[in-house]
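Student: I'd like to learn how to read strand pairing, burial and contacts from a model. Could you walk me through one?

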Amino acid sequence: MLVRKIEEIKATDREVFAENKNWVSRRLLLKKDNMGFSLHETIIFAGTETHIWYKHHLEAVYCVEGEGEIETVADGKVYRITPGTMYALNNHDEHYLRGRKDMRLICVFNPPLTGTEVHLPDGSYPANE
Ligand code: 9YT
(Lines give C-alpha, C1' and ligand atoms only; values in the text may rest on other atoms or scores of the structure.)
Protein backbone atom coordinates (compact mmCIF):
# COMPACT_ATOMS: atom_id res chain seq x y z
CA MET A 1 0.00 0.00 0.00
CA LEU A 2 1.24 3.46 -0.89
CA VAL A 3 -0.03 6.45 1.06
CA ARG A 4 1.42 9.89 0.38
CA LYS A 5 0.46 13.42 1.25
CA ILE A 6 1.18 16.52 -0.81
CA GLU A 7 2.72 18.24 2.19
CA GLU A 8 5.33 15.44 2.42
CA ILE A 9 6.22 15.84 -1.27
CA LYS A 10 6.88 19.58 -1.16
CA ALA A 11 10.62 20.42 -1.18
CA THR A 12 11.58 16.86 -2.22
CA ASP A 13 12.69 15.59 -5.64
CA ARG A 14 9.03 14.75 -6.35
CA GLU A 15 8.31 18.49 -6.52
CA VAL A 16 9.34 19.96 -9.88
CA PHE A 17 9.15 23.58 -11.01
CA ALA A 18 8.97 24.44 -14.71
CA GLU A 19 12.15 26.08 -15.94
CA ASN A 20 10.08 29.11 -16.96
CA LYS A 21 8.29 29.06 -13.57
CA ASN A 22 4.88 28.68 -15.25
CA TRP A 23 3.91 25.77 -12.99
CA VAL A 24 4.90 23.48 -10.18
CA SER A 25 4.14 19.77 -10.24
CA ARG A 26 4.04 17.42 -7.27
CA ARG A 27 4.38 13.82 -8.34
CA LEU A 28 2.34 11.53 -6.14
CA LEU A 29 3.06 8.50 -8.32
CA LEU A 30 5.91 7.98 -10.79
CA LYS A 31 7.11 5.18 -13.02
CA LYS A 32 9.15 3.67 -10.19
CA ASP A 33 5.93 3.17 -8.21
CA ASN A 34 4.92 0.56 -10.81
CA MET A 35 1.29 1.60 -11.24
CA GLY A 36 1.46 1.90 -15.04
CA PHE A 37 0.65 5.64 -14.90
CA SER A 38 1.91 8.68 -13.05
CA LEU A 39 -0.30 10.94 -10.94
CA HIS A 40 0.51 14.57 -10.30
CA GLU A 41 -0.95 17.63 -8.68
CA THR A 42 0.08 20.58 -10.82
CA ILE A 43 -0.42 24.27 -10.06
CA ILE A 44 -0.53 26.41 -13.20
CA PHE A 45 0.25 29.96 -12.16
CA ALA A 46 -2.07 32.86 -13.05
CA GLY A 47 -1.02 34.91 -16.07
CA THR A 48 1.11 32.16 -17.65
CA GLU A 49 0.91 30.53 -21.07
CA THR A 50 2.57 27.16 -21.71
CA HIS A 51 2.96 25.49 -25.08
CA ILE A 52 2.48 21.72 -24.64
CA TRP A 53 2.63 18.87 -27.14
CA TYR A 54 3.01 15.47 -25.49
CA LYS A 55 4.00 13.38 -28.49
CA HIS A 56 5.03 10.38 -26.41
CA HIS A 57 2.44 10.49 -23.64
CA LEU A 58 -1.29 10.56 -23.08
CA GLU A 59 -2.43 12.94 -20.36
CA ALA A 60 -5.76 13.41 -18.61
CA VAL A 61 -6.25 16.54 -16.51
CA TYR A 62 -8.94 17.31 -13.94
CA CYS A 63 -9.30 20.83 -12.54
CA VAL A 64 -10.13 21.10 -8.84
CA GLU A 65 -9.41 24.80 -8.28
CA GLY A 66 -8.84 28.04 -10.18
CA GLU A 67 -9.57 29.08 -13.73
CA GLY A 68 -7.90 29.02 -17.12
CA GLU A 69 -8.20 27.78 -20.67
CA ILE A 70 -6.65 25.51 -23.27
CA GLU A 71 -6.42 26.32 -26.96
CA THR A 72 -5.90 23.45 -29.37
CA VAL A 73 -3.49 24.47 -32.12
CA ALA A 74 -4.95 22.32 -34.92
CA ASP A 75 -8.37 24.01 -34.87
CA GLY A 76 -7.91 27.12 -32.73
CA LYS A 77 -10.68 26.02 -30.32
CA VAL A 78 -10.56 27.49 -26.83
CA TYR A 79 -11.92 25.55 -23.87
CA ARG A 80 -12.52 27.22 -20.52
CA ILE A 81 -11.22 25.27 -17.54
CA THR A 82 -12.93 25.61 -14.16
CA PRO A 83 -13.26 23.26 -11.18
CA GLY A 84 -15.00 20.10 -12.34
CA THR A 85 -13.57 20.25 -15.88
CA MET A 86 -11.61 17.29 -17.27
CA TYR A 87 -9.69 17.27 -20.52
CA ALA A 88 -7.86 14.33 -22.07
CA LEU A 89 -5.17 14.71 -24.72
CA ASN A 90 -6.29 11.52 -26.44
CA ASN A 91 -4.83 12.61 -29.79
CA HIS A 92 -1.53 13.93 -28.40
CA ASP A 93 -3.14 17.33 -29.02
CA GLU A 94 -0.78 20.28 -29.34
CA HIS A 95 -2.15 23.11 -27.21
CA TYR A 96 -1.59 26.25 -25.20
CA LEU A 97 -2.45 26.10 -21.52
CA ARG A 98 -3.22 29.42 -19.86
CA GLY A 99 -3.83 30.20 -16.22
CA ARG A 100 -6.25 33.01 -15.46
CA LYS A 101 -6.26 32.33 -11.73
CA ASP A 102 -3.84 29.83 -10.15
CA MET A 103 -5.22 26.47 -11.30
CA ARG A 104 -4.87 23.26 -9.32
CA LEU A 105 -4.94 20.31 -11.68
CA ILE A 106 -4.80 16.57 -11.10
CA CYS A 107 -2.85 15.03 -13.99
CA VAL A 108 -2.42 11.41 -15.06
CA PHE A 109 0.27 10.38 -17.57
CA ASN A 110 0.45 7.17 -19.58
CA PRO A 111 3.19 6.01 -19.91
CA PRO A 112 4.20 7.26 -16.46
CA LEU A 113 6.80 9.98 -16.08
CA THR A 114 10.06 8.95 -14.46
CA GLY A 115 10.23 12.32 -12.73
CA THR A 116 13.36 13.65 -14.41
CA GLU A 117 11.77 14.86 -17.67
CA VAL A 118 11.84 18.53 -18.61
CA HIS A 119 9.71 20.06 -21.34
CA LEU A 120 11.61 20.03 -24.64
CA PRO A 121 11.50 23.09 -26.93
CA ASP A 122 8.68 21.45 -28.95
CA GLY A 123 6.49 21.20 -25.84
CA SER A 124 6.93 17.45 -25.36
CA TYR A 125 8.42 15.29 -22.68
CA PRO A 126 10.97 12.80 -24.03
CA ALA A 127 9.91 9.19 -24.48
CA ASN A 128 10.88 6.99 -21.54
CA GLU A 129 13.93 4.91 -22.20
C1 9YT B 1 -1.30 20.20 -17.45
C2 9YT B 1 0.14 19.99 -17.74
O3 9YT B 1 0.54 19.13 -18.48
N4 9YT B 1 0.98 20.84 -17.13
C5 9YT B 1 2.40 20.73 -17.27
C6 9YT B 1 3.04 19.96 -16.14
C7 9YT B 1 2.63 18.49 -16.09
N8 9YT B 1 1.31 18.33 -15.60
C9 9YT B 1 3.55 17.76 -15.15
O10 9YT B 1 4.72 17.55 -15.47
O11 9YT B 1 3.10 17.37 -14.07
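Tutor: Gladly! Let's start with strand pairing: strand β8 (residues 95-110) is paired with β3 in the antiparallel sense, over 7 bridges. Keep in mind as we go that this is a predicted model.

Student: Which residue of β8 is the bridge partner of T42?

Tutor: That partner is L105. Another opposite pair is E41 with I106 of β8.

Student: With which strand does β2 pair, and over how many bridges?

Tutor: Strand β2 (residues 23-29) pairs with β3, again in the antiparallel sense, and 6 bridges hold that register. On this side, H40 of β3 has R27 opposite. So β3 has a β2 pairing as well as a β8 pairing.

Student: How many bridges join β4 to β8, and how many join β5 to β8?

Tutor: Strand β4 (residues 49-52) runs antiparallel to β8, with 4 bridges between them. One of the matched pairs there is I52 with H95. For β5 and β8, also antiparallel, there are 13 bridges; as an example, L58 stands opposite N110.

Student: Now burial. How many of the 7 residues of strand β3 are buried?

Tutor: The general idea is to compare each residue's relative accessible area with a cut-off: under 20% is buried, over 50% is exposed, and anything in between is partly exposed. In strand β3 (residues 38-44), 6 of the 7 residues fall in the buried class, so the strand is largely enclosed by the rest of the structure.

Student: Is E41 buried or exposed?

Tutor: E41, which sits in strand β3, is buried, because its relative accessibility is 10%.

Student: What does the side chain of E41 pair with?

Tutor: A polar contact of 2.9 Å links the E41 side chain to that of R104. Beyond the residues up to four places away in sequence, E41 also touches others, among them I6, V24, L28 and L105.

Student: Where is E15, and how does it compare with the burial cut-off?

Tutor: E15 belongs to strand β1 (residues 15-17). Its relative accessibility is 17%, so E15 counts as buried. Its side chain has a polar contact with the R26 side chain at 2.8 Å, and the E15 side chain also reaches the backbone nitrogen of A11 at 2.9 Å. Leaving aside neighbours within four places, the contacts of E15 include I9, K10 and V24.

Student: How far apart in space are E15 and T42?

Tutor: Their C-alpha atoms are 9.5 Å apart, although 27 residues separate E15 and T42 in sequence. You can read P126 in the same way: P126 and H57 are 69 residues apart in sequence, with a C-alpha to C-alpha distance of 8.9 Å.

Student: What is the setting of P126?

Tutor: P126 is in the segment after β8. Its relative accessible area is 30%, so P126 is partly exposed. P126 touches H56, H57, E117, V118 and L120, not counting residues up to four places away in sequence.

Student: Last one: which residues make the nonpolar surface patch?

Tutor: Y62, V64 and M86 make that patch, which covers about 270 Å². Y62 lies in strand β5 (residues 58-72), and its relative accessible area of 38% is why Y62 is classed as partly exposed. When you look at the strands again, remember that side chains in a regular strand alternate between the two faces of the sheet.

Methods. Residues numbered from 1 in each chain as written. Predicted model: local features only at pLDDT ≥ 70, side-chain atom pairs only at ≥ 80, totals over all residues. Heavy atoms only, no water. Buried < 20%, exposed > 50% of the residue type's maximum accessible area, 1.4 Å probe, protein only. Helix = DSSP H or I, 4+ residues; strand = E, 2+ residues; numbered from the N terminus. Pairing = 2+ DSSP bridges. Polar contact = N/O pair within 3.5 Å; in protein donor to acceptor, adjacent residues only side chain to side chain. Contact = heavy atoms within 4.5 Å. Patch = residues over 30% accessible without salt bridge, like charges linked within 9 Å, V, L, I, M, F, W, Y side chains within 5 Å. Areas by Shrake-Rupley, 256 points an atom, 1.4 Å probe, with all protein chains shown as cover. Salt bridge = Lys/Arg side-chain N within 4 Å of Asp/Glu carboxyl O.
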